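The following note is offered to a colleague who is meeting this structure for the first time. Please read the numbered points beside the sequence and the model.

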Amino acid sequence: MNKITLTADGSNTLYNETIGEHYHSKHGAVQESIHVFIDAGLKHAINSFPDQQINILEVGFGTGLNFLHSAAYGQENKIELNYTSLEAFPLQVEELESTGYNNYVPKDIWDGLINNYGKALQQTVQIIPRQHLRIVHSYLHRYETSQQFDLIYYDAFSVQHQPEMWTDEIIAHVCRFLKPGGIFVTYAITGKLKRALKSIGFSIEKLPGAPGKREMLRATKG
C-alpha cells in the first residue's frame with residue numbers, strides 16, 4: 001500500500017508501507033528531485049556531452065517525478081532525452097495522478113506521461129517531441145542491455161530499507177551500462193558506496209545534499 005504524504009516544500013510524495021519508506025525526501029520531494037538529479041546530474045551531463053542527445057538510465061521510476069523534471073528541462077533547453085527507467089513494482093496510473101505533480105511541470109509533459117504510462121511499460125514512447133521514455137518492468141540484477149548511457153540516476157530506496165540495491169555487485173552491474181566519462185548520481189553517500197565506485201574506476205565527488213542531507217554523491221566513469 002502507498003499513502004500520499006505532504007513534504008516540507010509543499011509537494012507530495014508516497015509512503016510505501018511495505019518497504020517502510022517514502023519515495024522522496026520528507027524534507028521536500030520536488031526540491032530533492034531537482035537538486036540531485038537535474039542540477040547535479042542532468043545539467044552536468046549536458047555540459048560533459050554537449051551538442052548531442054542525452055541517454056539516461058534511472059533505477060527506480062517510482063512516481064515519475066525525476067522524469068517529469070528531466071523532460072521539462074529538456075523541453076526548455078531543446079535537449080533530446082532518451083530516458084530508460086527500471087521499476088520492479090510499477091505504480092498504478094491513478095497513484096501517479098494522486099501526487100499533484102501536474103502543478104510543477106508543463107501540461108503537455110504531464111498529460112503525455114499520464115496518457116502514455118501504460119504504453120511506456122511496453123515500449124519506448126515519445127511523451128512530447130524530443131522526450132522519449134521507456135519504463136522497464138524488471139529487477140535491476142536481471143536487467144541487461146547493449147546500450148551505453150551518458151547518465152545514471154540511482155534513486156533506489158535507502159540502504160536501510162533495500163540493502164540489496166546497494167551491494168558492491170549491484171553497483172558494478174549497473175555501472176557497466178555507462179559509457180566512458182558517463183555520470184552516476186544519487187542522493188546517498190556512504191563510505192561503502194564510494195569504495196565500490198572507486199574500485200571500478202570511478203572518480204568521486206561529494207556535493208552538498210538536498211535539504212535534510214548534508215552531502216550527496218556524483219561519480220564519473222574513467
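1. This note begins with a contact between two helices. In α2, the residues Phe67, Leu68, Ala71, Ala72 and Gln75 meet Asp108, Ile109, Trp110 and Leu113 of α4. By residue class, this contact of α2 with α4 comprises seven nonpolar residues, one polar and one charged. The reader should bear in mind that the model is predicted.

2. The geometry of that pair may be set out next. Two packed helices are described by the angle between their axes and the distance between the axes. Helix α2 covers residues 65-77 and helix α4 covers residues 107-120; their axes come within 10 Å and cross at roughly 135°. The crossing angle therefore makes α2 oblique to α4. In handedness, the crossing of α2 past α4 is right-handed.

3. How are the strands of the sheet ordered? The order is β6-β7-β5-β4-β8-β9-β11-β10, in an open sheet of eight strands with mixed pairing. Because β6 and β10 stand at the edges with a single partner strand each, one side of each has no neighbour in the sheet. On average, neighbouring strands of this sheet are turned by 25° against each other, direction ignored. Helix α4 packs on the sheet and touches β6 and β7, its direction making about 165° with that of β6.

4. Strand β7 (residues 131-136) deserves separate attention. Five of its six residues are buried, and the strand is mostly covered. Strand β5 (residues 81-86) runs parallel to β7 and is joined to it by six bridges. Among the partners across this pair, Leu81 has Gln131 in β7, while Thr84 stands opposite Arg134.

5. On its other pairing, β7 runs antiparallel to strand β6 (residues 125-128), with three bridges joining the two. Gln131 in β7 is the bridge partner of Ile128. The two strands β6 and β7 form a hairpin with two residues between them, and Arg130 in the turn has a positive phi of about 80°.

6. Is Ser138, in the loop between β7 and β8, buried or exposed? Ser138 is buried, because its relative accessible area is 16%, and buried means under 20%. Leaving aside residues up to four places away in sequence, Ser138 touches Leu86, Glu87, Ala88 and Tyr143.

7. Strand β8 (149-154) is largely enclosed by the rest of the structure, because six of its six residues are buried. Strand β4 pairs with β8 in the parallel sense over four bridges, and Leu57 stands opposite Ile152 in β8. Strand β9 also pairs with β8 in the parallel sense, over five bridges; here Tyr154 stands opposite Thr186 in β9.

8. Two further helices complete this note. Helix α5 (residues 168-175) has Ile170, Ile171, His173, Val174 and Cys175 as its buried residues. These buried residues of α5 pack against β4 (54-59), β8, β9 (178-186), α6 (191-199), β10 (202-208) and β11 (215-221). Helix α6, for its part, lies across β9, β10 and β11 and runs at about 150° to β10.

Key: Residues are numbered from 1 along each chain as its sequence is written. This is a predicted model: local features need pLDDT of at least 70, side-chain atom pairs count only at pLDDT 80 or more; totals for chains, interfaces and linings use all residues. Side-chain values use heavy atoms; hydrogens and water are left out. Buried means under 20% relative accessible area, exposed over 50%, partly exposed in between (1.4 Å probe, protein chains only). Two strands pair if DSSP finds at least two bridges between them. Axes are lines fitted to C-alpha atoms, for helices over the stretch in contact, and angles run from 0 to 180 degrees between N-to-C directions. Angles under 35 degrees count as roughly parallel, over 145 as roughly antiparallel, 65 to 115 as roughly perpendicular and the rest as oblique. A crossing is left-handed if the near helix is turned anticlockwise from the far one by less than a right angle, and right-handed if clockwise. Contact means heavy atoms within 4.5 Å. Ala, Val, Leu, Ile, Met, Phe, Trp, Tyr, Cys and Pro count as nonpolar, Asp, Glu, Lys and Arg as charged, and the others, Gly among them, as polar.
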